[in-house]
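Colleague: Could you take me through one part of this model closely, the surroundings of the ligand? I would like to see how that spot ties in with the strands around it.

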Amino acid sequence: MGIEQARIINLRKMSDPKGNLTPIEGGDDIPFEIRRVYYTYDIPGGETRGWHAHVHLQQFIIATSGSFDVVLDDGKGRASFFLNRSYYGLYVPPMMWRDLANFSSGSVCLVLASDHYNEADYIRDYEDFLGAVRRQG
Ligand code: TYD
């Protein structure tokens, strides 16, 4: 899988004067079944997170509040995505080095994941990541 598999996916928006609603159904609105949800919050403005890749995990990242950049790197090329709305998100396929940067203060980053937390699925060293990409051909 390469960086061209990463993409913004627009979600449905149920507009209502009382407040909008966006549903996400695993395997339907996004290309995997959801096995875990987590979110980061109270992030200091301008902070950077991420700095790792996952061997098998697929993720879908939404800025449910505020904004931030997601920079993806498949070992051959890079792409940057600006997230700032609750009605779209970024599909992140496996084997993508990711940096999440430029968090606005008060932002909330919601992540839907295809599997439970497993530290063995992480690659936390960039040189190790490039080696794994080379071995995959
Ligand atoms: P990490 O994935 O490195 O965070 P980020 O990429 O957003 O900077 O995780 C930070 C810490 O939280 C790390 O000690 C592992 C732990 N963690 C869990 O226990 N469960 C989870 O689902 C996640 C995502 C992280």
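Modeller: Happy to; I will begin with the ligand and then follow its neighbours into the strands and the cores.

This is a predicted model, where local features need pLDDT of at least 70, side-chain atom pairs count only at pLDDT 80 or more, and totals for chains, interfaces and linings use all residues. Residues are numbered from 1 along each chain as its sequence is written, and side-chain values use heavy atoms, with hydrogens and water left out.

Around the ligand are Arg 36, Tyr 38, Arg 49, Gly 50, His 52, Tyr 117, Tyr 122 and Arg 124, each with a heavy atom within 4 Å of it. Some of them make polar contacts, meaning pairs of N or O atoms within 3.5 Å. A side-chain N or O atom of Arg 36 is 2.5 Å from a ligand oxygen. For Tyr 122 that distance to a ligand oxygen is 2.7 Å, and for His 52 it is 3.4 Å.

Now for the strands, which are DSSP runs (E, at least two residues) numbered from the N terminus; two of them pair if DSSP finds at least two bridges between them. His 52 stands opposite Arg 98 in strand 8. Strand 3 (residues 49-54) and strand 8 (residues 97-101) run antiparallel, joined by 3 bridges. Strand 3 also has 2 bridges to strand 10 (residues 122-123), again antiparallel, and there Tyr 122 is the bridge partner of His 54.

Arg 36 leads elsewhere: its opposite residue is Ala 113 in strand 9. Strand 2 and strand 9 (residues 108-113) are antiparallel and share 5 bridges. Both belong to an open, antiparallel sheet of 5 strands in the order 1-7-4-9-2. Its edge strands, each pairing on one side only, are strand 1 (7-10) and strand 2 (36-40).

Strand 9 also takes you to the largest nonpolar core, since a core is defined as a set of buried (under 20% relative accessible area, 1.4 Å probe, protein chains only) Ala, Val, Leu, Ile, Met, Phe, Trp, Tyr and Cys residues joined through side-chain atoms within 4.5 Å. This core has 18 residues, and among those touching the most other members are Ile 61, Leu 83 and Cys 109. Strands 4, 5, 6, 7 and 9 each supply at least two residues of this core. Apart from it lies another core of 9 residues, including Ile 30 and Leu 112.

Conventions: Helices (H or I, at least four residues) and strands (E, at least two) are DSSP runs, numbered from the N terminus. Buried means under 20% relative accessible area, exposed over 50%, partly exposed in between (1.4 Å probe, protein chains only). A polar contact is a pair of N or O atoms within 3.5 Å; within protein, one must be able to donate a hydrogen and the other to accept it, and residues adjacent in sequence count only if both atoms are side-chain atoms.
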